[in-house]
Amino acid sequence: MPSEFNLGLVKNCHHLNMHRDMCPHVANHGLGRPLQHVNAVSPACWFATNQFTAAMIFHARLENHPLRTWDPSRATLFYVPFYGGLHASSKFRETNLTARDELAVRFSEFLESQPWWQRNNGKDHFVVLGRTAWDFMRTKSGPDYGASTLLNLPRVQNLSVLAIERNPWRTNQHGIPYPSYFHPCTSSQVLTWQHSMRLSKRPHLFSFVGAPRKGSQRAAIRYELIKQCGESIRCKLLTCRYGSGASNKCSSPSEILGVMSKSQFCLQAPGDSFTRRSTFDSVLAGCIPVFFSRHTAYTQYMWYLPQDAEEYSVYINGENGNATRRIEDELMKIPRERVERMRKKVIDLIPRVTYKHPNASDDGEFEDAVDVAVAALANHVQSVLSKE
């Protein structure tokens, strides 16, 4: 593909995001800069990974993937490396909607011009977008949140879309994990980390890591969780603070994982959207997630999480004003045996929601988030094409 759709965007990394310089975050194929002192056993596995770089990580992994073929006539899937999320981040404040959508339109036109797109009208092609699907679904009649119209363009409707948050009512959209900080090179590094999380002492019954929000029902849920956690001696609260001069421990992966790895349950309130990266941080830390909306995980990550949500999580309905139920009381009711089973399941999930290092040796002993997606996509595409 022309570099304007991927690596050409990265060259302009200083201007990819209105809030921060993205150059440190797009380093190392989107893994970000290496972290020190997170885990002494496997120090080379840890990176300050931004939550919106999944597209770059996928690209790097698939370039070296053992299932890759250089003969397109043999391919059952075609990966389209478009860093649409990075581009969207740079255009959120663009008031000229034509200019905001310009690259998306060129992208869709490029796809249609390709001979292998014509074979199945794009139904065997997929793209990875490192932001939520809502960032690409602006309509003429709907509100403008800085989004583009990419996923509403006619040519793109047959394309399979992998996003960190999907529209549950679009059958061509599939949820993939937010990237966390752990990017192992070998299965032994994964096993070592899982073992350390099984042995981790967890003095806190529950914890919450996050910042307050304003102006929505989701903000009200967050306010209540912060309030309840702050009032409980069994809860560890790590409040995020943003802005000039603010001391923000939430920018430190070691602080985040330190809290979560010492907690039995981690509260996962919706953020700016329903999903949040913290869900996958808590899985990495072996902390049982507690959800307050079904759209935070249950309708999102079917390829990655057990169908029976009670195997690995707790659900407290917070969508209809029920978040005022005392969370501590609800969690204290759960028998110890069930807590241990849930924690075991959470720790078992770590490999499949983790993104391997792009240079990882393919020892074939564990499937990461990319491997899971490729296998599931192959089945999905086969099912779609068999119906024609």
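Which residues have the most contacts inside the largest nonpolar core? They are L150, F265 and Y304, and the core they belong to has 116 residues. Among the elements that build this core, helix α13, spanning residues 369–386, gives the most, with eight residues.

Let us stay with one of those residues for a moment. If you find F265 in the structure above, you can look for its partners along the chain. Leaving aside residues up to four places away in sequence, F265 touches L205, F206, S207, C287, I288, V290, V314, L331, I334, V339 and M342.

Before we go further, keep in mind that this is a predicted model. The mean pLDDT of the protein is 91, and 93% of its residues reach 70 or more. Confidence is highest in helix α12 (residues 336–349), at a mean of 98. At the other end, helix α8 (residues 217–231) has the lowest confidence, with a mean of 85.

Now let us turn to charge. Side chains of opposite charge can pair when their charged atoms come close. The structure holds 19 salt bridges, and a few of them make good stops on our tour.

Start with D101 and R138, whose side chains meet in a salt bridge at 2.6 Å, N to O. This pair links distant parts of the chain: D101 sits in helix α5 (residues 97–113), while R138 is in the loop between β2 and β3 (160–165), 37 residues apart. Are these two residues buried or exposed? Both D101 and R138 are buried.

The next stop is the salt bridge between D348 and R198, where the N to O distance is 3.4 Å. Here two helices are linked, with D348 in helix α12 and R198 in helix α7 (residues 187–199), 150 residues apart. D348 has a relative accessible area of 33%, so it is partly exposed. R198 also counts as partly exposed, because its relative accessibility is 45%.

A third pair is E328 with R234, whose closest N and O atoms are 2.4 Å apart. E328 lies in helix α11 (residues 327–332) and R234 in the loop between α8 and β6 (235–239), so this salt bridge ties together parts that are 94 residues apart in sequence. What does the surface calculation say about E328? With 7% relative accessibility, E328 counts as buried. Its partner R234 has 36% relative accessibility and therefore counts as partly exposed.

Salt bridges can also be followed from residue to residue. R61, K356, D368 and D371 are linked in a network of salt bridges, and you can trace it in the structure above.

Our last stop is the backbone, at two asparagines. Phi of N28 is near 55°, which is a positive value in a residue other than glycine. You will find N28 in the loop between α2 (23–26) and α3 (54–63). Because its relative accessible area is 37%, N28 is partly exposed.

Where is N121 placed? N121 is in the loop between α6 (115–120) and β2 (125–132). The phi of N121 is near 55°, again a positive value in a residue other than glycine. With a relative accessible area of 44%, N121 is partly exposed.

Notes
Residues are numbered from 1 along each chain as its sequence is written. This is a predicted model: local features need pLDDT of at least 70, side-chain atom pairs count only at pLDDT 80 or more; totals for chains, interfaces and linings use all residues. Side-chain values use heavy atoms; hydrogens and water are left out. Helices (H or I, at least four residues) and strands (E, at least two) are DSSP runs, numbered from the N terminus. Buried means under 20% relative accessible area, exposed over 50%, partly exposed in between (1.4 Å probe, protein chains only). pLDDT is the predictor's confidence in each residue, from 0 to 100. A salt bridge is a side-chain nitrogen of Lys or Arg within 4 Å of a carboxyl oxygen of Asp or Glu. A nonpolar core is a set of buried Ala, Val, Leu, Ile, Met, Phe, Trp, Tyr and Cys residues joined through side-chain atoms within 4.5 Å. Contact means heavy atoms within 4.5 Å.
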